[in-house]
Amino acid sequence: AHRVRALVLLRRFLDLGPSAVNLALSVGIFPYVLKLLQSPIDEYKHVLIGIWAKVVGFDPSCQEDVVKDRALPHFIRHLRWGLT
């Protein structure tokens with residue numbers, strides 16, 4: 001429950017704009033969020049997808065890490081879920 005709340009707060013912070021995303025990346029959220037995205041727990045995947053959308057929108061080079069670390073299927077699954 002605490003992790004989900006923390007992720008929701010992070011996503012809300014990132015909604016403040018590019019400077020917020022830059023600050024979050026500068027303190028090192030990238031590896032942590034990538035690791036959570038690969039977790040089998042689905043409870044917070046929807047929040048992580050929103051966080052990743054902000055990160056990739058700010059720094060397109062992060063797309064390579066998503067593909068390299070095999071996290072792309074999580075995005076695809078989320079998109080499929082939204083279409084059903």
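In this predicted model, Leu16 is placed in the loop that connects α1 (2–14) and α2 (18–26). With a relative accessibility of 65%, Leu16 counts as exposed, because the threshold for that class is over 50%. Leu16 also takes part in a nonpolar surface patch together with Phe13 and Leu23. The joint accessible area of Phe13, Leu16 and Leu23 is about 310 Å².

The loop between α1 and α2 also contains Asp15, which forms a salt bridge with Lys54. The closest N and O atoms of this pair are 3.4 Å apart, and the criterion for a salt bridge is a separation within 4 Å. Side chains of opposite charge can pair when their charged atoms come close. The count of salt bridges under this rule comes to one. Lys54 belongs to helix α4 (residues 45–58) and Asp15 to the loop between α1 and α2, so the pair ties together parts that are 39 residues apart in sequence. Both partners fall in the intermediate accessibility class: Asp15 is partly exposed, at a relative accessible area of 44%, and Lys54 is partly exposed, at 32%.

The interior was examined next. The largest nonpolar core comprises 21 residues. Within this core, the residues with the most contacts are Leu7, Leu10, Val33, Leu48, Ile51, Trp52 and Val55. Two or more residues are given to the core by each of the elements α1, α2, α3 (29–37) and α4. The greatest contribution is that of α4, with seven residues. For Leu10, contacts outside its neighbours within four places in sequence are made with Ala24, Ile29, Val33 and Ile51.

Helix α3 has a buried side and an opposite face. Its buried residues are Ile29, Phe30, Val33, Leu34, Leu36 and Leu37. These residues lie on the same side of α3, because the arc that they cover around the axis is only 160°. Pro31 and Lys35 are exposed residues carried by the face of α3 that is turned away from the buried side.

A further set of contacts involves Val4, which lies in helix α1. The relative accessible area of Val4 is 19%, and this residue is therefore buried, the limit for that class being under 20%. When residues up to four places away in sequence are not counted, Val4 touches Glu43 and Tyr44. The C-alpha atoms of Val4 and Lys45 are separated by 9.5 Å, although the two residues are 41 residues apart along the chain.

Technical notes: Residues are numbered from 1 along each chain as its sequence is written. This is a predicted model: local features need pLDDT of at least 70, side-chain atom pairs count only at pLDDT 80 or more; totals for chains, interfaces and linings use all residues. Side-chain values use heavy atoms; hydrogens and water are left out. Patches are made of residues with over 30% relative accessible area and no salt bridge: like charges are joined within 9 Å, nonpolar side chains (Val, Leu, Ile, Met, Phe, Trp, Tyr) within 5 Å. Accessible areas come from the Shrake-Rupley method with a 1.4 Å probe; for residues, only the protein chains shown count as cover. A salt bridge is a side-chain nitrogen of Lys or Arg within 4 Å of a carboxyl oxygen of Asp or Glu. Helices (H or I, at least four residues) and strands (E, at least two) are DSSP runs, numbered from the N terminus. Buried means under 20% relative accessible area, exposed over 50%, partly exposed in between (1.4 Å probe, protein chains only). A nonpolar core is a set of buried Ala, Val, Leu, Ile, Met, Phe, Trp, Tyr and Cys residues joined through side-chain atoms within 4.5 Å. Contact means heavy atoms within 4.5 Å. The arc is that of the directions from the helix axis to the C-beta atoms.
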